[in-house]
Amino acid sequence: MTTLKVRNTLTNRLETFEPLTPGKVRMYVCGPTVYDYFHIGNARPFVVFDMVRRTLETLGHDVTYVQNITDIDDKIIERAREQGTDAAGVAKKYTQAYFEDLERLGVKAANHAPKATEYVPQIIEMIQALEARGMTYTCDGDVYYRVSKFPHYGCLSGKNPDDLRAGASQRTQDEHTAKKEHPADFALWKGQKAPDEPAWESPWGPGRPGWHIECSAMSTGLLGNTFDIHAGGEDLVFPHHENEIAQSQAATGEPFVRYWLHNAFLNIAKEETPLTEEQQEVVQRLEGALKAGETETWQRLRDELNEQNVHLEIDEQAKAISFKASKSLKNVPKLREVFARGYSGQVVRFFLLRTHYRSPVTFSWSLLDEARKSLGRWEEVRNRLHRAMEQGRSDGAHEHPLATELAAARERYRAEMAEDFNTSGAIGAAFHLISQINAALNEATPPAKSVLEAAQAALAEMEAMLGLSFEVQAEAKLPAEVQELLQQRAEARKRRDFAESDRIRDELKVKGYIVRDTRQGQTCEPA
RNA sequence: GGUGGCGUGCCCGAGUGGUCCAAGGGGAUGGUUUGCAAAACCAUAUUUCGCGGGUUCGAAUCCCGCCGCCACCUCCA
């Protein structure tokens with residue numbers, strides 16, 4: 001089995017991956033809080049860790065994959081208030097949308113997709129275990145975790161609880177913070193404060209789980225006290241995952257997770273930060289005020305823009321401003337918008353996987369177009385191979401040099417993927433092979449069927465790890481009207497009536513079909 | 001202010017001591033192929049990897065300084 005190396009956030013090192021039980025991998029990925037449709041940035045961890053799962057499986061591991069759904073949370077309650085419904089309704093709506101979007105992205109269904117609201121008894125049990133060990137304190141119906149009692153606190157994020165205290169001291173007017181013994185302490189259980197807040201009975205009165213505890217309860221409940229991989233976006237390192245470690249290890253007395261994997265963020269290109277005319281005007285006024293040194297004015301304008309989710313970086317010395325696009329989450333297109341603009345889930349997937357998962361990705365529509373074109377090349381070689389097989393000859397060149405290239409490409413691809421899931425490098429290897437396959441198919445005597453089959457198998461393995469799959473275009477599937485035109489065109493070409501042939505080609509183009517002529521005749525596919 | 005990370009050719013993006021005058025993709029230009037296209041293939045783009053020093057026989061890759069960018073420290077993936 002190929003030796004897999006992964007970058008473990010716990011050690012900040014590349015480590016050889018060895019599951020607790022050889023051949024079996026238990027992994028948990030933080031899922032969505034279902035209060036809205038998810039955007040292309042949210043999609044990144046879903047796609048990335050699905051790729052991780054598929055790669056592990058291709059390398060011969062049996063993977064148990066858990067991805068939770070946070071269906072009770074402040075943001076959900078807030079959204080329900082806005083929409084005039086209840087939290088359960090909001091959660092249900094966006095949970096369904098989440099599964100639909102995941103499917104379009106080609107994300108394999110998790111073995112378990114637990115919901116926080118279904119784990120309340122286990123959550124209460126875990127809090128009680130922590131309580132029994134003196135790790136908690138209660139305050140106005142809230143239960144807090146006492147960070148100072150956990151000696152390893154900060155082991156994942158490298159943060160020092162004392163620094164957190166210093167940083168938080170400016171925010172003591174926050175009543176929530178004021179109640180806590182230490183600013184880093186966090187809620188395990190939140191007492192019900194308003195009648196419209198969903199609540200469950202508990203030993204501490206009616207309330208709901210804190211955010212971090214649900215993941216501890218669900219992951220250890222489904223995967224055991226110690227499991228192999230826990231993954232999510234890098235923003236979760238602190239405080240979410242740090243707190244999960246603190247809770248889980250204190251409650252079970254056992255190590256929690258062996259390998260922590262975190263993906264980097266997606267940013268939005270500046271040109272994709274659309275401002276309304278009014279906002280642009282405000283920005284201009286702000287620039288003027290900044291240059292003129294009218295501090296009060298520009299600060300007021302900045303706050304005004306902030307309220308509209310336009311976040312600016314202001315450099316007072318240089319008197320310059322820039323956009324903090326990544327913070328302006330409203331600028332990140334929803335996946336549904338991306339699909340509505342005609343991009344397939346697979347294109348989004350490929351776009352996200354072109355970049356190594358620990359490097360930031362910049363989103364723009366033109367970069368998405370670039371990814372689509374690139375992916376089209378991959379799809380095209382699949383079609384060409386398929387056609388070559390159909391017209392296939394077993395008398396081709398059996399000793400074709402392509403055969404040896406295949407083995408080399410496979411090996412290089414695997415090695416790249418095994419090096420902390422280097423999808424960029426692996427895709428490079430794939431395209432190198434694709435060029436060679438294309439060159440072989442251009443030859444007057446193409447390789448024999450056996451070689452072509454091996455080429456298909458090599459590509460299939462690569463696709464399996466990335467989670468790509470191409471539907472082979474079949475002419476039988478084209479509408480009858482299109483097939484009729486193709487028939488006419490074929491006949492015109494037999495007569496060498498190129499004027500008619502070109503006319504039909506143009507007509508089909510208008511209808512959205514691309515016609516190409518090859519040595520073996522014409523091909524047709526939707527544009 | 002603290003912590004972690006990044007800066008690669010026109011653009012995107014791998015590479016982290018020699019095999020790199022930098023994989024692969026997008027774009028551009030020229031060629032092969034084609035009735036013409038498209039697709040595919042081939043070739044090309046002031047030795048070049050933020051800037052300045054240093055280590056080394058040798059650096060995009062290591063060290064120091066500077067500049068710029070990003071994330072987290074606020075229940076944003």
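Which residue just after helix 16 takes a positive phi? The residue is G467, and its phi is about 80 degrees. This report describes a predicted model, beginning with the chain as a whole and passing on to individual helices, backbone features, buried sites and a pocket.

## The chain as a whole

Chain A has 527 residues, and 48% of them count as buried. Its secondary structure comprises 18 helices and 16 strands. When contacts between residues at least 6 apart in sequence are considered, 75% join residues at least 24 apart.

## Helix 16 and its surroundings

Helix 16 runs over residues 449-466 and contains 18 residues. From its first C-alpha to its last it reaches 26 Å, close to the 26 Å expected at 1.5 Å a residue. The buried residues of this helix include V451, L452, A455 and A458. Among them are also Q456, E461 and E463, and the list extends to L466. The elements covering these buried residues include helix 1 (40-58), helix 12, helix 13, helix 14 and helix 15. Just beyond the helix comes G467, with the positive phi named at the outset.

## Backbone features

Most residues other than glycine have a negative phi, and most peptide bonds are trans. Two residues other than glycine with a positive phi are set out below, each with its phi, its place and its relative accessibility.

| Residue | Phi | Loop between | Relative accessibility |
|---|---|---|---|
| D420 | about 55 degrees | helix 14 (402-418) and helix 15 (423-442) | 2% |
| R496 | near 60 degrees | helix 17 (480-494) and helix 18 (498-510) | 61% |

Is D420 buried or exposed? D420 counts as buried, because its relative accessibility of 2% falls under the cut-off of 20%. R496 counts as exposed, because its value of 61% is over 50%.

A further backbone feature concerns a peptide bond. F238 and P239 are joined by a cis peptide bond, with omega about 0 degrees. P239 belongs to helix 8, which spans residues 237-252.

## Three residues and their contacts

Helix 8 is also the place of H241. This histidine is buried, with a relative accessible area of 0%. Leaving aside residues up to four places away in sequence, H241 touches C30, L156, H230, A231, G232, L236, W260 and H262.

P333 is located in the loop between strand 13 (320-323) and helix 11 (335-340). P333 counts as buried, since its relative accessibility is 6%. Apart from residues up to four places away in sequence, P333 touches H39, I40, I268, V338, F363 and W365. For one of these contacts, a separation is available: P333 and F363 are 30 residues apart in sequence, and their C-alpha atoms are 9.4 Å apart in space.

R412 lies in helix 14. Its relative accessible area is 39%, so R412 is partly exposed. Which residues does R412 touch, not counting residues up to four places away in sequence? They are G425, G428, A429 and H432. R412 and A429 stand 17 residues apart along the chain, while their C-alpha atoms are separated by 6.5 Å.

## The second largest pocket

Rolling a probe the size of a water molecule over the atoms shows where empty space is left. The second largest pocket holds about 840 Å³ of space. It is lined by 28 residues, of which G376, E379, E525, P526 and A527 are the closest to its centre. The elements that contribute two or more residues to this lining are helix 12 (345-353), helix 13 (365-390), strand 15 (513-518) and strand 16 (521-526).

Which element gives the most to the lining of this pocket? Helix 13 does, with 8 residues. By character, the lining residues divide into 12 nonpolar, 7 polar and 9 charged. At least three residues of the lining come from each of domain 3 (337-466) and domain 4 (475-526).

Helix 12 and helix 13 therefore appear in two parts of this account: both are among the elements that cover the buried residues of helix 16, and both give two or more residues to the lining of the second largest pocket, whose lining residues are identified by having an atom within 4 Å of a pocket point.

Terms used
Residues numbered from 1 in each chain as written. Chains lettered and ligands numbered in written order. Predicted model: local features only at pLDDT ≥ 70, side-chain atom pairs only at ≥ 80, totals over all residues. Heavy atoms only, no water. 1 Å grid on protein atoms, 1.4 Å probe; cavity = no way out; pocket = protein on both sides within 12 Å on 5 of 7 lines; lining within 4 Å. Points joined across faces, edges and corners; volume = space filled by probe spheres on them. Helix = DSSP H or I, 4+ residues; strand = E, 2+ residues; numbered from the N terminus. Nonpolar A, V, L, I, M, F, W, Y, C, P; charged D, E, K, R; others polar. Domains from an automatic or database assignment. Buried < 20%, exposed > 50% of the residue type's maximum accessible area, 1.4 Å probe, protein only. Contact = heavy atoms within 4.5 Å. Expected span 1.5 Å × (residues − 1).
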